[in-house]
Amino acid sequence: MARRAEARTGGRAGAWQWSRTAHTRRVLLESAREVFAENGFADAAVADMVERAGSSVGSLYHHFGGKTELFLALWENQQAADEEQAAGAVAQARADGEQDPLELFVAGARAFLDGSWQRRDVSLLLLTGDGPPGFDALRRRRSREWVRRNSVLLQAGDSALERLTVSVLTAIIGEARREIVAADSRGEADRLIEAAVGLIRRLGR
């Protein structure tokens with residue numbers, strides 16, 4: 001009985017420790033997001049991040065390894081949120097009976113661009129080009145993967161024209177995002193989203 005009680009207590013302690021660790025990481029990421037958004041990557045100071053987080057430099061390095069890893073963690077979180085929002089919109093459109101590949105693509109693009117406005121502080125930071133060494137190469141690899149996924153969604157063939165079309169439609173989303181995150185208002189962002197959707201529909205047909 002004593003061993004079982006100790007096991008139960010240990011389980012609660014383990015869960016508490018995990019929760020505390022997750023909370024610490026979340027607070028450090030939020031503080032890093034604010035500091036990066038205000039100062040860019042190069043001028044962001046670890047000391048400012050830990051001060052806002054109410055943490056320590058040792059804790060930051062323990063959880064993330066340094067400023068570069070924090071930046072990349074923010075980028076990965078943004079990528080995951082963008083992909084989840086777009087995939088959810090495509091799934092909902094399918095559930096509503098939409099079968100046209102281009103309209104499914106439009107649903108995903110609209111959700112992606114809407115998410116770019118919602119998370120515009122991080123989006124703007126990631127589009128400035130001010131990142132750690134090697135970040136541009138990482139972003140290019142992710143862009144190629146994005147084109148590949150869009151090709152599958154659009155059911156594109158392997159001809160040069162179809163490959164070009166998918167690349168152009170993907171580029172429209174990317175360029176629209178740059179304008180949307182710099183928009184002065186939600187209304188302006190919405191107009192840019194609709195303009196991008198119109199371009200996609202015209203070129204996609």
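In this predicted model, helix 6 (residues 120–127) has as its buried residues Val122, Ser123, Leu125, Leu126 and Leu127. Just after helix 6, Gly129 takes a positive phi of about 90 degrees. Ser123 of this buried set is also touched by Ser116, a residue of helix 5.

**Single residues in helix 5**

Ser116 is buried, its relative accessible area being 0%. Not counting residues up to four places away in sequence, Ser116 touches Arg177 and Val181 as well as Ser123.

Glu103 is also placed in helix 5. Its relative accessibility is 17%, and because the limit for buried is under 20%, Glu103 counts as buried. Leaving aside neighbours within four places in sequence, Glu103 is in contact with Glu98, Arg201 and Arg205. The C-alpha atoms of Glu103 and Ile200 are separated by 9.6 Å, with these positions 97 residues apart along the chain counted as their separation.

**Helix pairs**

Two packed helices are described by the angle between their axes and the distance between the axes. The table gives both values for three pairs.

| Helix pair | Axis distance | Angle |
|---|---|---|
| Helix 5 (residues 101–118) and helix 7 (residues 135–153) | within 9 Å | roughly 140 degrees |
| Helix 5 and helix 9 (residues 186–204) | 10 Å | about 155 degrees |
| Helix 8 and helix 9 | within 10 Å | roughly 170 degrees |

How are helix 5 and helix 7 oriented to each other? Angles over 145 degrees count as roughly antiparallel, and the axes of helix 5 and helix 7 cross at roughly 140 degrees; the two helices are therefore oblique to each other. On the helix 5 side, Pro101, Leu104, Phe105 and Phe112 take part, and they meet Trp146, Asn150 and Leu153 in helix 7. By class, this contact of helix 5 with helix 7 has six nonpolar residues, one polar residue and no charged residues.

The pair of helix 5 and helix 9 packs at about 155 degrees, and the two are therefore roughly antiparallel to each other. Their crossing is right-handed. From helix 5, the residues in this contact are Leu102, Glu103, Phe105, Val106, Ala109, Arg110, Leu113, Asp114 and Trp117; from helix 9 they are Arg186, Ala189, Ile193, Glu194, Ala196, Val197, Ile200, Arg201 and Gly204. By class, the contact of helix 5 with helix 9 has eleven nonpolar, one polar and six charged residues. Phe105 is listed in this contact and also in the contact with helix 7.

Helix 8 (160–181) and helix 9 have axes that cross at roughly 170 degrees, and these helices are therefore roughly antiparallel to each other. Helix 8 contributes Thr165, Val168, Leu169, Ile172, Ile173, Ala176, Glu179 and Ile180, while helix 9 contributes Ala189, Leu192, Ile193, Ala196, Leu199, Ile200, Leu203 and Gly204. The residues of the contact of helix 8 with helix 9 divide into 13 nonpolar, two polar and one charged. Among the helix 9 residues here, Ala189, Ile193, Ala196, Ile200 and Gly204 also appear in the contact with helix 5.

An α-helix has 3.6 residues a turn, so residues three or four places apart point the same way.

**Gly198 and Gln155**

Gly198 lies in helix 9. With a relative accessible area of 22%, Gly198 is partly exposed. The C-alpha atoms of Gly198 and Val106 are 92 residues apart along the chain and are separated by 9.3 Å. Val106 is one of the helix 5 residues in the contact with helix 9.

Is Gln155 buried or exposed? Gln155 is exposed, with a relative accessible area of 61%. Gln155 is found in the loop between helix 7 and helix 8, and has a positive phi of about 55 degrees although it is not a glycine.

**Annotated stretches**

Two stretches carry annotations from the UniProt record. An unreviewed entry gives "domain: HTH tetR-type" for residues 22–82. Over residues 22–82 the chain is 87% helix and 0% strand, and the C-alpha atoms at the ends are 22 Å apart. UniProt, again in an unreviewed entry, places the feature "DNA-binding region" at residues 45–64. Over residues 45–64 the chain is 75% helix and 0% strand, and the end C-alpha atoms are 15 Å apart.

How values were computed:
Residues numbered from 1 in each chain as written. Predicted model: local features only at pLDDT ≥ 70, side-chain atom pairs only at ≥ 80, totals over all residues. Heavy atoms only, no water. Axes fitted to C-alpha atoms, helices over the stretch in contact; angles between N-to-C directions. Helix = DSSP H or I, 4+ residues; strand = E, 2+ residues; numbered from the N terminus. Parallel < 35°, antiparallel > 145°, perpendicular 65-115°, else oblique. Contact = heavy atoms within 4.5 Å. Nonpolar A, V, L, I, M, F, W, Y, C, P; charged D, E, K, R; others polar. Left-handed = near helix turned anticlockwise from the far one by under 90°. UniProt positions renumbered as here; feature names shortened; annotations may be inferred. Buried < 20%, exposed > 50% of the residue type's maximum accessible area, 1.4 Å probe, protein only.
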